[in-house]
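Here are a few exercises to work through with the model open in your viewer. Try each task before you read its solution.

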Amino acid sequence: MIVLAVLLLVVVLTCVPYLVTIAFAQGPADASPIFGVTVPEGYKQWELIAPAEEAAPLDELRAVVGNRTAIDAYQDNKLPFPDGTILVKRAWKRKQSPEFASATIPGEATTVQVMVKDSKKYASTGGWGFGRFINGKPVDEAQHRTCFACHEARVKSRDYVFTRLAP
Ligand code: HEC
């Protein structure tokens, strides 16, 4: 009995570090509060949906990009967006080109904002999970409470999405 108990203890103690590693590999620290959304891998290679510009005080250049599911839905004018759609809004400080007076170029990156469609998981927020990240780290819960309200108030009829495919 004692030998068995000791053996069991050894097995458990050996496994614990692995289990902890697995649990944190997904990085709860890297997932947004409330929604558990993370920055999707490879988004810098995704196709452009549309650029945008934000006036002062933010003064930003932006680009909304999407994964394959998102681009296909846009091209087919499909609303609501299907599950698996991911939209990412990249943003940079607006910067004067050092080489050309009238040109504006992206300065430092400010935020990465993500919307993930999962109609079951996020049923209470129109089927969308939200995440806002600065330097890869999610911002606080209070900011995440504002996302759906603003999108719902203005673009509910477009499945809560502002951005249209650039012509
Ligand atoms: C006060 C209004 C407002 C709030 C709050 C807000 N958004 Fe948005 N969001 C916008 C507008 C307007 C756009 C259109 C693009 C632009 O102007 O930058 C947008 C665009 C987006 C997009 C690109 C898809 C689309 O709908 O066009 C994502 C992704 C996004 N927001 C995520 C978020 C997240 C995550 C939060 C919360 C942390 C959030 N938004 C909070 C107004 C808002």
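**Exercise 1.** Which residues of helix 2 (residues 68-75) are buried? Find them, then work out how they are arranged around the helix axis.

*Solution.* Keep in mind that this is a predicted model.
- Step 1: Ala70, Ala73 and Tyr74 are the buried residues of helix 2.
- Step 2: An α-helix has 3.6 residues a turn, so residues three or four places apart point the same way.
- Step 3: Looking down the axis of helix 2, you find its buried residues within an arc of 100°, so they line one face of the helix.
- Step 4: Turn to the other side of helix 2, and you meet Arg68 and Gln75, which are exposed.
- Step 5: The cover over the buried residues of helix 2 includes strand 1, strand 2 and strand 3.
- Step 6: Just after helix 2, Asn77 has a positive phi of about 55°.

**Exercise 2.** Which residues touch the most other members of the largest nonpolar core? Then take Phe130 and list its contacts beyond four places in sequence.

*Solution.*
- Step 1: The largest nonpolar core has 24 residues, and Leu87, Val88, Val114, Trp128 and Phe130 touch the most other members.
- Step 2: Two or more residues of this core come from each of strand 2, helix 2, strand 3, strand 4, strand 5 and helix 4.
- Step 3: Strand 4 supplies the largest share of this core, four residues.
- Step 4: With neighbours within four places in sequence left aside, Phe130 is in contact with Ser32, Phe35, Val37, Met115, His144, Cys147 and Phe148.

**Exercise 3.** Is Lys117 buried or exposed? Give the reason, and find its contacts from elsewhere in the chain.

*Solution.*
- Step 1: Locate Lys117 in strand 4.
- Step 2: Lys117 counts as buried because it has 24 C-beta neighbours inside 10 Å, where the cut-off is 20 or more.
- Step 3: Setting aside neighbours within four places in sequence, Lys117 is in contact with Phe81, Pro82, Asp83, Gly84, Thr85, Gly127 and Trp128.
- Step 4: For one of these, Gly84, the C-alpha atom is 5.5 Å from that of Lys117, although the two residues are 33 residues apart along the chain.

**Exercise 4.** Which residues come nearest to the ligand? Describe the make-up of the shell as well.

*Solution.*
- Step 1: The ligand has 21 residues around it, and Arg132, Cys147, Cys150, Phe162 and Thr163 come nearest.
- Step 2: Elements that give two or more residues to this shell include strand 5 (128-134), helix 3 (141-144) and helix 4 (147-155).
- Step 3: Sorted by type, the shell has 10 nonpolar, seven polar and four charged residues.

Terms used:
Residues are numbered from 1 along each chain as its sequence is written. This is a predicted model: local features need pLDDT of at least 70, side-chain atom pairs count only at pLDDT 80 or more; totals for chains, interfaces and linings use all residues. A residue is near a molecule or strand if its C-beta atom, placed from the backbone, lies within 6 Å of it. Ala, Val, Leu, Ile, Met, Phe, Trp, Tyr, Cys and Pro count as nonpolar, Asp, Glu, Lys and Arg as charged, and the others, Gly among them, as polar. A residue is buried if 20 or more other C-beta atoms lie within 10 Å of its own, exposed if 12 or fewer, and partly exposed in between; C-beta atoms are placed from the backbone. The arc is that of the directions from the helix axis to the C-beta atoms. Two residues are in contact if their C-beta atoms, placed from the backbone, lie within 7 Å. A nonpolar core is a set of buried Ala, Val, Leu, Ile, Met, Phe, Trp, Tyr and Cys residues joined through C-beta atoms within 7 Å.
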